[in-house]
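Visitor: I am new to reading protein structures, and I would like a close look at one part of this one. Could you show me the model and then walk me through that part slowly?

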Amino acid sequence: MRMGELAPDSLHVYYCDFAYEPRGPFRMASANIADASAKTFAELLSGPMVDIYVGEAKRHWALHRNLLCHHSAYFQEHIGDDAKKKTAKLELLDSDPIAFELLVKWLYQGRIDDVSAMPVDKKWDYAHACQKLYVLCDRVSLPQLKNFAIDQFRKGCNEAGLVPGPEEMKPIYESTPPGSPFRKLVSKIAARQIMDPESTSDAGTYKMCFEGNADFAIDVINAIRQGAGGKLFEDPTEEVGCAFHEHENGANCHSGSGSGNGK
């Protein structure tokens with residue numbers, strides 16, 4: 001049994017008349033398609049096809065409607081009721097075709113590739129593809145594949161020795177809802193980079209993420225607070241001298257001025 005797979009008896013299949021007439025409510029898949037019986041798998045690969053167009057270039061796939069609806073309530077809602085047609089059409093023009101390739105592999109094979117088996121120079125590209133896959137799965141209601149995608153993303157970053165920058169983090173906050181695990185992940189990465197004394201990143205590095213997205217700022221600050229382990233900063237009201245004055249370092253504006261003394 002491969003990573004993330006469930007026992008065969010936990011596999012639920014849509015009830016469907018494969019002559020294309022719907023008879024009632026469907027049950028969603030809760031386990032890996034690779035565990036389906038030969039009979040079930042053959043039924044899922046029968047019936048009408050769906051034309052799916054992905055990305056700005058409208059890259060085309062023709063996929064089995066029964067299989068799509070077996071996996072996802074999103075597909076059931078958008079193409080499952082089109083029972084009188086032998087084909088249906090769905091456009092995902094703001095999704096990434098590379099991410100959709102991974103989704104198709106998982107739909108038919110129940111797995112995606114493991115980044116650990118890839119050369120080092122391919123790991124980051126695959127991690128980035130898994131980030132886009134996560135966003136796609138969030139849209140089409142595939143929680144199991146979302147979990148696989150975020151795990152491969154984390155592993156790919158770790159094994160490549162790289163972390164996402166603001167240009168990768170910004171789309172996550174634009175494409176996922178508040179409370180998303182991927183938001184939590186990238187905000188903790190940003191917080192760690194900001195606090196790492198050996199990192200060249202500081203808060204300004206993430207300016208493009210902070211702008212227009214208060215959630216990112218809140219999540220990063222909360223992550224820093226968590227990571228600080230309860231350590232309290234020094235009280236700035238107790239600092240002596242001219243720490244908050246506007247003059248050159250080393251100067252003392254109170255010297256000989258009679259204007260008052262430091263606290």
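Visitor: In which loop does Ser141 lie? Please take a close look at that part and then show me how the surroundings are built.

Guide: Happy to! Please keep in mind that this is a predicted model. Ser141 sits in the loop between α5 and α6, where α6 covers residues 143-160. The backbone at Ser141 has a positive phi of about 60°, although Ser141 is not a glycine. Is Ser141 buried or exposed? Neither word fits, because its relative accessibility is 36%, and that counts as partly exposed.

Now look at what lies around this loop. Leu103 touches Val140 and Leu142, and its contacts also include Leu133, Leu136 and Leu145; residues up to four places away in sequence are not counted here. Leu103 belongs to helix α4, where the buried residues are Ala99, Phe100, Leu102, Leu103, Val104, Trp106 and Leu107.

Let's stay with α4 for a moment, as you can check its length yourself. The helix has 13 residues, numbers 97-109, and at 1.5 Å a residue it should span 18 Å. Its end C-alpha atoms are 18 Å apart, so the model agrees with the expected span. At the start of α4, Asp96 brings a side-chain oxygen to within 3.0 Å of the backbone nitrogen of Ile98. Just after the helix comes Gly110, with a positive phi of about 75°.

Leu103 also leads us into the interior. The largest nonpolar core has 59 residues, and those with the most contacts inside it are Ile52, Phe100, Leu103, Leu133 and Leu145. Helix α5, residues 120-140, gives the most to this core, with ten residues.

Ile52 takes us from the helices to a strand. In β2, the residue opposite Ile52 is Trp61, while Val50 has Leu63 as its bridge partner. These pairs are part of a larger pattern: β1 (residues 49-54) and β2 (residues 59-64) run antiparallel to each other and are joined over six bridges. Which residues of β1 are on the covered face, and which on the uncovered one? Val50, Ile52 and Val54 make up the covered face, whereas Met49, Asp51 and Tyr53 make up the uncovered one. In a regular strand, side chains alternate between the two faces of the sheet.

Between the two strands of this hairpin there are four residues, and Gly55 in the hairpin has a positive phi near 80°. Lys58, in the loop between β1 and β2, also has a positive phi, of about 55°, although it is not a glycine. With a relative accessible area of 42%, Lys58 is partly exposed.

Beyond β2, you can find another serine in a loop. Ser72 lies between α2 (65-71) and α3 (73-79). Ser72 has a relative accessible area of 0%, so it counts as buried. A polar atom of its side chain lies 3.0 Å from the backbone nitrogen of Tyr74.

Next, follow the chain past α6 to α8. This helix has 15 residues, numbers 181-195, and at 1.5 Å a residue it should span 21 Å; its end C-alpha atoms are 21 Å apart, so the two values agree. At its N-terminal end, Ser180 acts as a cap, with a side-chain oxygen 3.2 Å from the backbone nitrogen of Phe182. Phe182 is itself one of the buried residues of α8, and others among them are Arg183, Leu185, Ile189 and Gln193. What covers the buried residues of α8 includes α5 and α6, along with α7 (166-175) and α10 (214-227). That brings us back to α5 and α6, the two helices on either side of the loop that holds Ser141.

One more serine belongs to this region. Ser201 is in the loop between α8 and α9 (207-210), and it is buried because its relative accessible area is 15%, where buried means under 20%. Leaving aside neighbours within four places in sequence, Ser201 is in contact with Gln193, Ile194 and Tyr206.

Finally, step back to the whole chain. It has ten helices and three strands, and 38% of its 263 residues count as buried. Of the contacts with a separation of 6 or more, 62% join residues 24 or more positions apart. The accessible surface comes to about 15,300 Å², and carbon and sulfur atoms account for 52% of it.

How values were computed:
Residues are numbered from 1 along each chain as its sequence is written. This is a predicted model: local features need pLDDT of at least 70, side-chain atom pairs count only at pLDDT 80 or more; totals for chains, interfaces and linings use all residues. Side-chain values use heavy atoms; hydrogens and water are left out. The expected span of a helix is 1.5 Å times one less than its number of residues. Buried means under 20% relative accessible area, exposed over 50%, partly exposed in between (1.4 Å probe, protein chains only). A polar contact is a pair of N or O atoms within 3.5 Å; within protein, one must be able to donate a hydrogen and the other to accept it, and residues adjacent in sequence count only if both atoms are side-chain atoms. A nonpolar core is a set of buried Ala, Val, Leu, Ile, Met, Phe, Trp, Tyr and Cys residues joined through side-chain atoms within 4.5 Å. Contact means heavy atoms within 4.5 Å. Two strands pair if DSSP finds at least two bridges between them. Accessible areas come from the Shrake-Rupley method with a 1.4 Å probe; for residues, only the protein chains shown count as cover.
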